[in-house]
Every structure is written in C-alpha cells, then in structure tokens.
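Here are a few friendly notes to read alongside the structure. Keep the view open and turn it as you go through the points.

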Amino acid sequence: MHVVITGANRGIGKAMAERYRAAGHSVTGTARDGSEAVTLDVTDTAQHADMAQKLNGQPIDLLICNAGVYLDKGQSIDGYAPEMWAQSFAANVTGVFLTVQALLPNLRAAKGKIAIISSQMASHTRAPGGSYIYRASKAAALNLGRNLSKDLETDGIAVGIYHPGWVKTDMGGEAGDITVDASADGLLARFEALNSNTSGCFETWDGRPHAY
Ligand SMILES: NC(=O)c1ccc[n+]([C@@H]2O[C@H](COP(=O)([O-])OP(=O)(O)OC[C@H]3O[C@@H](n4cnc5c(N)ncnc54)[C@H](OP(=O)(O)O)[C@@H]3O)[C@@H](O)[C@H]2O)c1
C-alpha cells in the first residue's frame, strides 16, 4: 500500500508514518522542514504543484490529511487577530483541499481512500466557547470531507473524517487524555475499516461515530 501523510515529521503524523513503515507499506511523508521525502507547506500552492509532479504516475491508496495548526489556543475574546484566522484556515481547510486536489489523479488510479484529521472541536454539538478559529476551521474541514465524499463516490474514493482523541503531542499538551501511540493505533484501524459504505463518516480514534 502507498500511503501519503501530511505533517509526518512530528506528533500523530509521525507516529502513523512509523506504523505503516514498520508494517512494510510504502510511505510518502510530507513536512515543511524538508525532513520527509516531499517538502510541503500545505498553504503553498507552488509546493503542491511540485508534490504532484514528484508523485506523478504513483497510485496512492491512502492520503492522510493530518497537518494542522491550533494558533488561537488560549486567546481571550479581544484577541483572535484577522491574520490568525487567515493562517489557520489556510492550513486547516484550504490546505486539506489543495492536498486532495493535487493528488486526485493518484487517488483515482488506486481507488484510494482519504482520511481527514479534524477534531471533536469541529462538532456543533460541542460548543463550550473559546478557540473560535480552531473550532471553525475544523468544522470546515469536516464539512469539506463530507462533501468530497459525495463528489468522489463515482471515483470509488472513500473519505473519512476523524477525531484523533485529545493526544499528548506538542499541540495537545501534556494534559492530553491519550498517548500518540494509542491515537495512531486507533486511527490506523479506522482507516482500514473505511469503505464506500462508510464514506462521509465522522469517527473518533477508538471507533465511535461522532455527532456532526
Ligand atoms: N493533539 C490533539 O489533541 C489533537 C486533537 C484533535 C485534533 N488534532 C489534529 O491532529 C492533527 C495532528 O496534530 P498533532 O497533535 O500531531 O499536532 P503537532 O504535534 O502540533 O503536529 C502538527 C503537524 O502539522 C504540521 N503542520 C502545521 N502546519 C503546517 C503547514 N502549514 N504545512 C505543512 N505542515 C504543517 C506540523 O509541521 P511543523 O513541524 O513544520 O510545524 C506538524 O508536522 C492536526 O490536524 C490537529 O489539529 C490533534
């Protein structure tokens, strides 16, 4: 299996890449620091074009849109600068779409799957206040995944959207509920289970359906 993972240099992305490599799969990791095979800042259209060219002709069985930012963690209501909105949406929403768009021929060739790492913070049923930018961007990523699942149905491409848990990474912090290993193990099982019948699902790392 050929797996492409954005943001494979640290956190959940790195743990997923390690697992697929250990299982003998071919992994193309992307990172903006040049530490993976493909250098990709998901907000950079020129780098998306370079990636598409580099992977041209290589079918992709699974694309994991994992790269993301949580820039407004801890902002107070007088914060949330417009630039913070723009940067966050560029990475968490536009970045996902541009990645899918760039690799669509490769996904079509394999009838591959797309996994979008969103968050439970995307759900409108969970609105405790705060983190307006992150919540809105992850809600948009969820919405994007749901709509892509319809449009890619005829290509045989299934799309799943996932909450990885509250994970002890740089983003999640030490207080997180679960280890990066537990999250990655759970997510890999979810991606394995994803198929045309479950396309458009929003699930947690441990296999529970999440309210949209
Ligand atoms: N940790 C949690 O509790 C939690 C909960 C819900 C959802 N999530 C989601 O899970 C995903 C992974 O999170 P994580 O906890 O592993 O976070 P992390 O440790 O902060 O790692 C984030 C990864 O995304 C990459 N990234 C950020 N902006 C990028 C950009 N513009 N272009 C390319 N790569 C970019 C980072 O690359 P650099 O090293 O270059 O910065 C890094 O590889 C994210 O989408 C996050 O929103 C996490």
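1. Start with the largest pocket of this predicted model, which has a volume of about 950 Å³. Its lining takes in 40 residues. If you want to find the centre, look for Asn66, Gly68, Val69, Thr169 and Met171, the lining residues that lie nearest to that spot.

2. Now see where the lining comes from. The elements α1 (11–22), β2 (26–31) and α4 (132–151) each give two or more residues to the largest pocket. Sorted by class, the lining has 16 nonpolar, 15 polar and 9 charged residues.

3. Next, try tracing the sheet. In what order do the strands of the open sheet come? The order is β3-β2-β1-β4-β5-β6-β7, 7 strands with parallel pairing. At the edges you will find β3 (38–39) and β7 (202–204), each of which pairs on one side only.

4. For a close look at one pairing, choose β1 (residues 2–5) and β4 (residues 62–65). These two strands run parallel and are joined by 3 bridges. Within this pair, Val4 stands opposite Leu63 of β4.

5. Helix α5 (residues 180–193) packs on the sheet, where it touches β4, β5 (113–117), β6 (158–163) and β7. The direction of α5 makes about 145° with that of β5.

6. Finally, go to Ser118, in the loop between β5 and α4. Is Ser118 buried or exposed? Ser118 counts as buried because its relative accessibility is 2%, and the cut-off for buried is under 20%. Beyond its neighbours within four places in sequence, Ser118 is in contact with Lys138, Leu142, Ile161, Tyr162 and Pro164.

Notes: Residues numbered from 1 in each chain as written. Predicted model: local features only at pLDDT ≥ 70, side-chain atom pairs only at ≥ 80, totals over all residues. Heavy atoms only, no water. Pairing = 2+ DSSP bridges. Helix = DSSP H or I, 4+ residues; strand = E, 2+ residues; numbered from the N terminus. Contact = heavy atoms within 4.5 Å. Axes fitted to C-alpha atoms, helices over the stretch in contact; angles between N-to-C directions. 1 Å grid on protein atoms, 1.4 Å probe; cavity = no way out; pocket = protein on both sides within 12 Å on 5 of 7 lines; lining within 4 Å. Points joined across faces, edges and corners; volume = space filled by probe spheres on them. Nonpolar A, V, L, I, M, F, W, Y, C, P; charged D, E, K, R; others polar. Buried < 20%, exposed > 50% of the residue type's maximum accessible area, 1.4 Å probe, protein only.
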